[in-house]
Amino acid sequence: MEKIVILTGAGISAESGLSTFRDEGGLWAQHRIEDVATPEGFARDPALVHGFYNARRAHAAQAKPNAAHSALARLQRDWPGDVIIVTQNVDSLHEAGGAEDVIHMHGSLAGALCAACGHRWAAPPEMAVGEPCPACHAPAARPDVVWFGEMPYQMDVIYDHLANARIFASIGTSGQVYPAAAFVHEAIAGGARTVELNLEPSAGSSSFDETILGPATETVPRWVNKLLGQR
Ligand code: OAD
């Protein structure tokens, strides 16, 4: 069966009101990556880091999935083969839009992780410094998000899917963060046709067979309709 692998980034949630990272006024214009998205930053100032993710968690909780999220869920339901959604996003808008088995390679705001023993549990709306782990009781709770310098989640599973993809699509990501930025090359090596859907050409745009420019709420439903119409 024809497998479709889809990589999404912050651009797919932009029209749901969530900030991207590298667009003008984006999160990385307001915060230093070293301060809020590295293990060293967390060790230095855990209150600052919890504050950053508490604010993002509160914001994400208010956000509604948009037409692009729903279109991908529809593709998953109606495509006769597997449709694997891999997201770099830590929001849960794919799931809220009806998608299943989403691979959160950069973790999720919905999760808490014990930095001492690796236990995971559902994050409360507000995490606080020194919160004890429910399993080992160490005061080491952190958001279950992947920081710079850490290994993204489920890479073996993702590479397996990429090697078997017939179609690879990259949606709403600037292509500046590895390893996700290199997924297109893995997919090409496996023989996939590749397409990028983004507001503007990404850093790796020339690697794709096709680039579709425009806001995700317009381009993604149109692309899904085309795929479902042609089978
Ligand atoms: P970026 O902020 O780097 O890129 C977002 C992309 O989405 C840009 O190329 C925009 O042009 C595009 N975009 C913006 N609005 C859009 C819209 N309405 N429709 C379609 N595209 C739109 O975000 P990511 O590529 O997701 O990692 O960033 C990757 C990783 O870098 C994140 O997961 C995060 C960040 O640092 C960590 O924190 C580990």
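This note covers the nonpolar cores and the salt bridges of a predicted model.

1. The largest nonpolar core has 25 residues. Those that touch the most other members are I4, I6, L72, L75, V220 and W223.

2. Several elements feed this core, each with at least two residues: strands 1 (4-8), 2 (83-87), 7 (167-171) and 8 (193-198), together with helices 6 (67-78) and 10 (216-230). Helix 10 gives the most, with 6 residues. In soluble globular proteins, nonpolar side chains tend to be buried together.

3. I4 is worth a look in the viewer. Beyond its neighbours within four places in sequence, I4 is in contact with L75, W79, D82, V83, I84, I167, W223 and L227. Two of these partners, L75 and W223, are themselves named among the core members that touch the most others.

4. A separate core of 17 residues lies apart from the largest one. Its members include L7, M155, V184 and A187.

5. Turning to charged side chains, the structure holds 6 salt bridges. Side chains of opposite charge can pair when their charged atoms come close. The points below take up some of these pairs.

6. R32 and D35 form a salt bridge, with 3.0 Å between the closest N and O atoms. D35 has 22% relative accessibility and therefore counts as partly exposed, since buried means under 20%. The pair is also part of a wider arrangement: R32, D35 and R44 are linked in a network of salt bridges.

7. Which side chain does E150 meet in a salt bridge? The partner is R142, at 2.8 Å from N to O. The two ends fall into separate classes of accessibility: E150, at 26%, counts as partly exposed, whereas R142, at 7%, counts as buried. R142 is thus a charged residue that is buried because its 7% relative accessibility is under the 20% limit.

8. R193 and E210 form a salt bridge whose closest N and O atoms are 3.3 Å apart. This pair links distant parts of the chain, 17 residues apart: R193 sits in strand 8 and E210 in strand 9 (residues 210-213). Both ends are partly exposed, R193 with a relative accessible area of 46% and E210 with one of 25%. Strand 8, which holds R193, is also among the elements that supply at least two residues of the largest core.

How values were computed. Residues numbered from 1 in each chain as written. Predicted model: local features only at pLDDT ≥ 70, side-chain atom pairs only at ≥ 80, totals over all residues. Heavy atoms only, no water. Core = buried A, V, L, I, M, F, W, Y, C linked by side-chain atoms within 4.5 Å. Buried < 20%, exposed > 50% of the residue type's maximum accessible area, 1.4 Å probe, protein only. Helix = DSSP H or I, 4+ residues; strand = E, 2+ residues; numbered from the N terminus. Contact = heavy atoms within 4.5 Å. Salt bridge = Lys/Arg side-chain N within 4 Å of Asp/Glu carboxyl O.
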